Amino acid sequence: MWSPKRHAVAAGLVLAGLLSGCGFTPLHQAAAPGARVPVEIAPIADRGGQLLRNTLRQRLARAGGPARYRLITRLNERRVNMLIRPDATSTLAKLTVTARVTLRRKRDGAALLSPRARSVASFNLGPSEYANLVAERGARRRALNAIADDIHRQVTIFLRRLATTEDGA
């Protein structure tokens, strides 16, 4: 008689065997030499843009050599006050950050990828203006980190697929 523990181990082994044959590669796996392609991150307007650009530079531009691609990003922020009290004050705000991204080949300027990324973060509002400012900054950072994760994932997957098709061609 098989115990639940043995079933879990067997299922894990079967899953590992299936994934090894499908070409699955973890996104954060160390790439082979030359497989990482540096991406130039164009300046992004406003403070939120600076934070996003710095995060993207850490994730995408760390490979050596000249950049073959340029990432152009436009940010849009929208804040909406929620949970309005009878005295017309708000206790909760929602910050929606949307990024429109274009990955261009530097050689000829061709647009290769144009994803959008969106993140929503909420924060509490109280009687202290300083606390509200700090809470809004924290929500902005959370939203921008989520957008950076999404952009990084989309660009990395696209560049891996592009490298695979160029190698196979």
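User: In what order do the elements of the chain run from the N terminus on?

Analyst: In this predicted model, the elements run α-β-α-β-β-β-β-α from the N terminus on, and the chain accordingly has three helices and five strands. Buried residues make up 29% of its 169 residues, while 62% of the contacts with a separation of 6 or more are between residues 24 or more positions apart.

User: What makes E1 and E2 a pair of strands, and in which sense do they run, parallel or antiparallel?

Analyst: Two strands pair if there are at least two bridges between them, and three bridges join strand E1 (residues 39-41) to E2, so the criterion is met. The two strands run parallel, and one of the bridges sets Glu 40 opposite Arg 70 in E2.

User: How do you know that E3 pairs with E2 and with E5?

Analyst: Against the requirement of at least two bridges, E2 and E3 are joined by 15 and run antiparallel, with Glu 77 having Val 97 in E3 as its bridge partner. E3 and E5 also pair in the antiparallel sense, over nine bridges, and here Thr 96 stands opposite Val 120 in E5.

User: What is unusual about the phi of Ala 88, and where does this residue lie?

Analyst: Most residues other than glycine have a negative phi. Ala 88 is not a glycine, yet its phi is positive, at about 70°. This residue lies in the loop between strand E2 (69-84) and E3, and the hairpin of these strands has five residues between them.

User: Why is Ala 88 called exposed?

Analyst: Exposed means a relative accessible area over 50%, and Ala 88 counts as exposed because its relative accessibility is 64%.

User: Which value of phi does Asp 46 take, and is the residue buried or exposed?

Analyst: Asp 46, a residue other than glycine, has a positive phi near 75°, although its place is in helix H2. With a relative accessible area of 64%, set against the cut-off of over 50%, Asp 46 is exposed.

User: How does the span of helix H2 stand against the expected one?

Analyst: Helix H2 (residues 46-60) has 15 residues and reaches 21 Å from its first C-alpha to its last, which is close to the 21 Å expected at 1.5 Å a residue.

User: Which residues of H2 are buried, and why are they said to be on the same side?

Analyst: The buried residues of H2 are Gly 48, Gly 49, Leu 51, Leu 52, Thr 55, Leu 56 and Leu 60. They cover an arc of only 160° around the axis, and this puts them on the same side of H2. An α-helix has 3.6 residues a turn, so residues three or four places apart point the same way.

User: What makes the side chains of strand E5 alternate in character?

Analyst: In a regular strand the side chains alternate between the two faces of the sheet. Along strand E5 (residues 116-124), Ala 117, Ser 119, Ala 121 and Phe 123 point to one face and are buried, whereas Arg 116, Arg 118, Val 120, Ser 122 and Asn 124 point to the other face and are not buried.

User: Which elements contribute to the largest nonpolar core, and which gives the most?

Analyst: The largest nonpolar core has 30 residues, and those with the most contacts inside it include Val 39, Leu 56, Leu 71, Leu 103, Ile 151, Val 155 and Leu 159. The elements that give two or more residues to this core are E1, H2, E2, E3, E5 and helix H3 (129-168), and H3 gives the most, with 10 residues.

User: Why is Arg 140 called buried, and what does it touch?

Analyst: Buried means under 20% relative accessible area, and Arg 140 is buried because its value is 18%. Arg 140 has its place in helix H3 and touches Gly 48, Glu 77 and Leu 95, not counting residues up to four places away in sequence.

User: How do you know that Thr 156 is buried, and which backbone oxygen does its side chain reach?

Analyst: Thr 156, whose place is in helix H3, has a relative accessible area of 14%, so it falls under the 20% cut-off and is buried. The side chain of Thr 156 reaches the backbone oxygen of His 152 at 2.7 Å.

User: What makes the link between Arg 105 and Asp 108 a polar contact?

Analyst: The side chains of Arg 105 and Asp 108 are joined at 3.1 Å, and a polar contact calls for N or O atoms within 3.5 Å. Arg 105 has its place in strand E3 (residues 90-105).

Terms used: Residues are numbered from 1 along each chain as its sequence is written. This is a predicted model: local features need pLDDT of at least 70, side-chain atom pairs count only at pLDDT 80 or more; totals for chains, interfaces and linings use all residues. Side-chain values use heavy atoms; hydrogens and water are left out. Helices (H or I, at least four residues) and strands (E, at least two) are DSSP runs, numbered from the N terminus. A polar contact is a pair of N or O atoms within 3.5 Å; within protein, one must be able to donate a hydrogen and the other to accept it, and residues adjacent in sequence count only if both atoms are side-chain atoms. The expected span of a helix is 1.5 Å times one less than its number of residues. Buried means under 20% relative accessible area, exposed over 50%, partly exposed in between (1.4 Å probe, protein chains only). The arc is that of the directions from the helix axis to the C-beta atoms. A nonpolar core is a set of buried Ala, Val, Leu, Ile, Met, Phe, Trp, Tyr and Cys residues joined through side-chain atoms within 4.5 Å. Contact means heavy atoms within 4.5 Å.
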